[in-house]
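Here is a structure to look around in for the first time. Take a moment with the picture, and then we'll walk through it together.

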Amino acid sequence: MALIAYDSVDATAFAATRHLRDDDLATWRAAIGRYFEARAGMRLLDLGCGTGSWARAFRAWWPGVDVVAVDPSSAMRERAVFQPVGAGTADDIPVADASLDGVWLSTVIHHVPDLGAAAREIRRVLKPGAPVLIRSAFAGRHEAISLFRWFPEAVAVLDRYPSIPDVEAAFAAAGFTTAGCEPVPQVTAPSVAEAAAGLRREAHTPLQLISDEAYAAGVARLNHAARTQPGPVVDALDLLVLR
């Protein structure tokens, strides 16, 4: 699929607007903990780590875990808040066979051009029984994500992403089975007004792939919501776990 390649403009926008606040990570920490029991000496890979916010969180949560981070984009690696970040792709991971206790992919799976090749490579680097934890928006599951209420034309882009059955099938061919799948709520922004003020088109794949007219209409909807809707922006992305 590989919908976009992150250049310096995209990476800068991502770093500025897509990191969740530390206080808003509790739901994700609890959800991950249901499938990954962190212990000293374990190795956890953040695959496609982007600007490194999840790798940074993992290191803070589990100081005894060796967190490894890789990303194919040099622009992302240069802006990462976690170091070191190595160069790597989902089908060419620079670690030894059976050397990882878990692999994490956050909003990455739609950028993977060959899910089957990625599944086989992840199978290679994981220890037997270790989990693959995939945080994503999936095709057909836009209802709990506020971005698609303001930018409904972007749903058609989301529907080009892999679906949960697509991912399960690709990983099943590499010997994985589904261990769990659950929506995880998160506070994406403290208010709609802050979401509107901080919006960067370059930071969101679905917004890059709609027309300028559709984007402008969505910005108008978002600005109207900012004036009329109180409270935080709460979204839910899915956590799909395979072993």
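Which helices and strands do the buried residues of α8 pack against? They pack against α5 (115-125), β5, β6 and β7 (233-242). Contact here means heavy atoms within 4.5 Å, and buried means under 20% relative accessible area, with exposed over 50% and partly exposed in between (1.4 Å probe, protein chains only).

A quick word on what you're looking at: this is a predicted model, where local features need pLDDT of at least 70, side-chain atom pairs count only at pLDDT 80 or more, and totals for chains, interfaces and linings use all residues. Residues are numbered from 1 along each chain as its sequence is written, and side-chain values use heavy atoms, with hydrogens and water left out.

**The whole thing**

The protein comes to 11 helices and 7 strands. Those are DSSP runs numbered from the N terminus: helices are H or I with at least four residues, strands are E with at least two. A compact globule of 243 residues would have a radius of gyration near 18 Å, and the protein's 17 Å agrees with that. (That radius is taken over C-alpha atoms, and the globule rule is 2.2 Å times the number of residues to the power 0.38.) The C-alpha trace spans about 50 × 35 × 30 Å along its principal axes. Of the 243 residues, 54% count as buried. Take the contacts between residues at least 6 apart in sequence: 80% of them join residues at least 24 apart.

**The sheet**

All 7 strands go into one open sheet with mixed pairing, in the order β3-β2-β1-β4-β5-β7-β6. Two strands pair if DSSP finds at least two bridges between them. The edges are β3 (86-87) and β6 (178-189), each pairing on one side only. Here are some of the pairings, each with its bridges and direction:

| Strands | Bridges | Direction |
|---|---|---|
| β1 and β2 | 5 bridges | parallel |
| β2 and β3 | 2 bridges | parallel |
| β5 and β7 | 5 bridges | antiparallel |
| β6 and β7 | 10 bridges | antiparallel |

You can pick out individual partners, too. Asp 46 stands opposite Ala 69 in β2, while Asp 71 has Ala 87 in β3 as its bridge partner. At the other end of the order, Ile 134 is matched with Leu 240 in β7, and Val 184 stands opposite Leu 237, also in β7.

How many residues of β7 are buried? The count is 9 of 10, so β7 is largely enclosed by the rest of the structure. Strand β2 is mostly covered as well, with 5 of its 6 residues buried. In β5 you'll find Ser 136, which is buried at a relative accessible area of 1%. Leaving aside neighbours within four places in sequence, Ser 136 touches Ile 109, His 110, Leu 237 and Asp 238.

**Helices against the sheet**

Helix α3 (residues 53-61) lies across β1 (43-47), β2, β4 (102-106) and β5 (132-136), running at about 175 degrees to β2. For that angle, axes are lines fitted to C-alpha atoms, for helices over the stretch in contact, and angles run from 0 to 180 degrees between N-to-C directions.

Back to α8 (residues 164-172): its buried residues are Ile 164, Val 167, Ala 170 and Phe 171. They sit on the same side of α8 because they cover an arc of only 135 degrees around the axis, counting the directions from the helix axis to the C-beta atoms. An α-helix has 3.6 residues a turn, so residues three or four places apart point the same way.

Helix α5 is largely enclosed, since 8 of its 11 residues are buried. Its cover includes β1, β4, β5 and α8. One of those buried residues is Ala 117, with a relative accessible area of 15%. Ala 117 and Ala 90 are 27 residues apart in sequence and 7.9 Å apart in space, C-alpha to C-alpha.

**A few oddities in the backbone**

Most residues other than glycine have a negative phi, and most peptide bonds are trans. The bond from Gln 83 to Pro 84, though, is cis, with omega near 0 degrees; Pro 84 is in the loop between α4 (74-78) and β3. Ala 98, in the loop between β3 and β4, has a positive phi near 50 degrees and is partly exposed at 40% relative accessibility. Thr 107 has a positive phi near 45 degrees, but this residue, in the loop between β4 and α5, is buried at 16%.
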